[in-house]
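These are my notebook entries on a single protein chain. I record what I looked up, entry by entry.

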Amino acid sequence: MTRILVTAVMGAVLSGVGGLLLLPVLRALKAGQSIREVGPTWHNSKQGTPTMGGLMFMVGIGIAIVVMGWRGMLASDFRHIYVFVFALIFGGIGCIDDMQKIRRKQNTGLTARQKFLLQ
């Protein structure tokens with residue numbers, strides 16, 4: 001139980017540090033969120049908010065899983081890696097969705113049907 005908590009805290013801290021490094025890069029690349037004109041006016045303040053921030057979570061959690069699961073991997077126990085691979089697959093779907101939004105410069109990425117098929 002303690003090992004799980006340490007891994008979770010390590011992943012959170014690494015994700016936070018990763019966010020401090022990644023968000024300025026995403027802003028410089030202009031990887032910002034577009035807001036629809038038909039939505040509420042208070043959404044306009046979200047214009048330009050960096051998208052693809054899930055990268056910082058995947059990297060932070062991945063490092064924590066490898067560091068804390070190293071002993072298990074040496075003993076040929078890869079259960080934690082299997083779970084992380086599924087998280088990476090879903091994160092990849094989110095990344096594709098965000099890339100579509102950035103490429104089109106609108107708030108529409110993948111359709112619900114496309115996301116369902118990819119899942």
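**Entry 1. The largest pocket**

Which residues lie nearest the centre of the largest pocket? I note that the model is a predicted one. I found 14 residues in the lining, and those nearest the centre are Ile-4, Thr-7, Ile-65, Met-68 and His-80. Helix H1 (2-28), helix H2 (54-68) and helix H4 (79-104) are the elements that each give two or more residues to this lining. I then asked which element gives the most. The answer is H1, with five residues.

I next looked up the volume of the largest pocket, which is about 320 Å³. By residue class, I recorded six nonpolar, five polar and three charged residues in its lining. As background, I note that rolling a probe the size of a water molecule over the atoms shows where empty space is left.

**Entry 2. The overall fold**

How many helices and strands are there in the protein? I counted five helices and zero strands. In sequence order the pattern therefore reads α-α-α-α-α, since helices and strands are taken as DSSP runs numbered from the N terminus.

I also looked up the totals for the protein. It has 119 residues, and 27% of them count as buried. Its accessible surface is about 8,500 Å², and carbon and sulfur atoms hold 70% of that area. Among contacts with a separation of 6 or more, 56% join residues 24 or more positions apart.

**Entry 3. Helix H4**

I turned to H4, which has 26 residues. From its first C-alpha to its last H4 reaches 38 Å, close to the 38 Å expected at 1.5 Å a residue. The buried residues in H4 are Phe-84, Ile-93, Asp-97, Asp-98, Gln-100, Lys-101 and Ile-102. I looked up what covers them, and the cover includes H2 and helix H5 (112-118). For reference, an α-helix has 3.6 residues a turn, so residues three or four places apart point the same way. After H4 comes Lys-105, whose phi is positive, near 55 degrees.

**Entry 4. Asp-97**

Is Asp-97 buried or exposed? Asp-97 belongs to helix H4. Its relative accessibility is 8%, so I entered it as buried, the cut-off for that class being under 20%. With neighbours within four places in sequence set aside, Asp-97 is in contact with Gly-109, Leu-110 and Lys-115.

**Entry 5. Ile-61**

I then looked up Ile-61, which is placed in helix H2. Its relative accessible area is 36%, and I therefore entered Ile-61 as partly exposed. Which residues does Ile-61 contact, leaving aside its neighbours within four places in sequence? They are Gly-11, Ser-15 and Phe-84. Phe-84 also appears among the buried residues of H4. I also recorded a C-alpha to C-alpha distance of 7.4 Å between Ile-61 and Ala-12, although 49 residues separate the two in sequence.

**Entry 6. Ser-76**

Where does Ser-76 lie? I located Ser-76 in the loop between helix H3 (70-74) and H4. The phi of Ser-76 is near 65 degrees, a positive value in a residue other than glycine. The relative accessible area of Ser-76 is 59%, so I entered this residue as exposed.

Notes. Residues numbered from 1 in each chain as written. Predicted model: local features only at pLDDT ≥ 70, side-chain atom pairs only at ≥ 80, totals over all residues. Heavy atoms only, no water. 1 Å grid on protein atoms, 1.4 Å probe; cavity = no way out; pocket = protein on both sides within 12 Å on 5 of 7 lines; lining within 4 Å. Points joined across faces, edges and corners; volume = space filled by probe spheres on them. Helix = DSSP H or I, 4+ residues; strand = E, 2+ residues; numbered from the N terminus. Nonpolar A, V, L, I, M, F, W, Y, C, P; charged D, E, K, R; others polar. Buried < 20%, exposed > 50% of the residue type's maximum accessible area, 1.4 Å probe, protein only. Contact = heavy atoms within 4.5 Å. Expected span 1.5 Å × (residues − 1). Areas by Shrake-Rupley, 256 points an atom, 1.4 Å probe, with all protein chains shown as cover.
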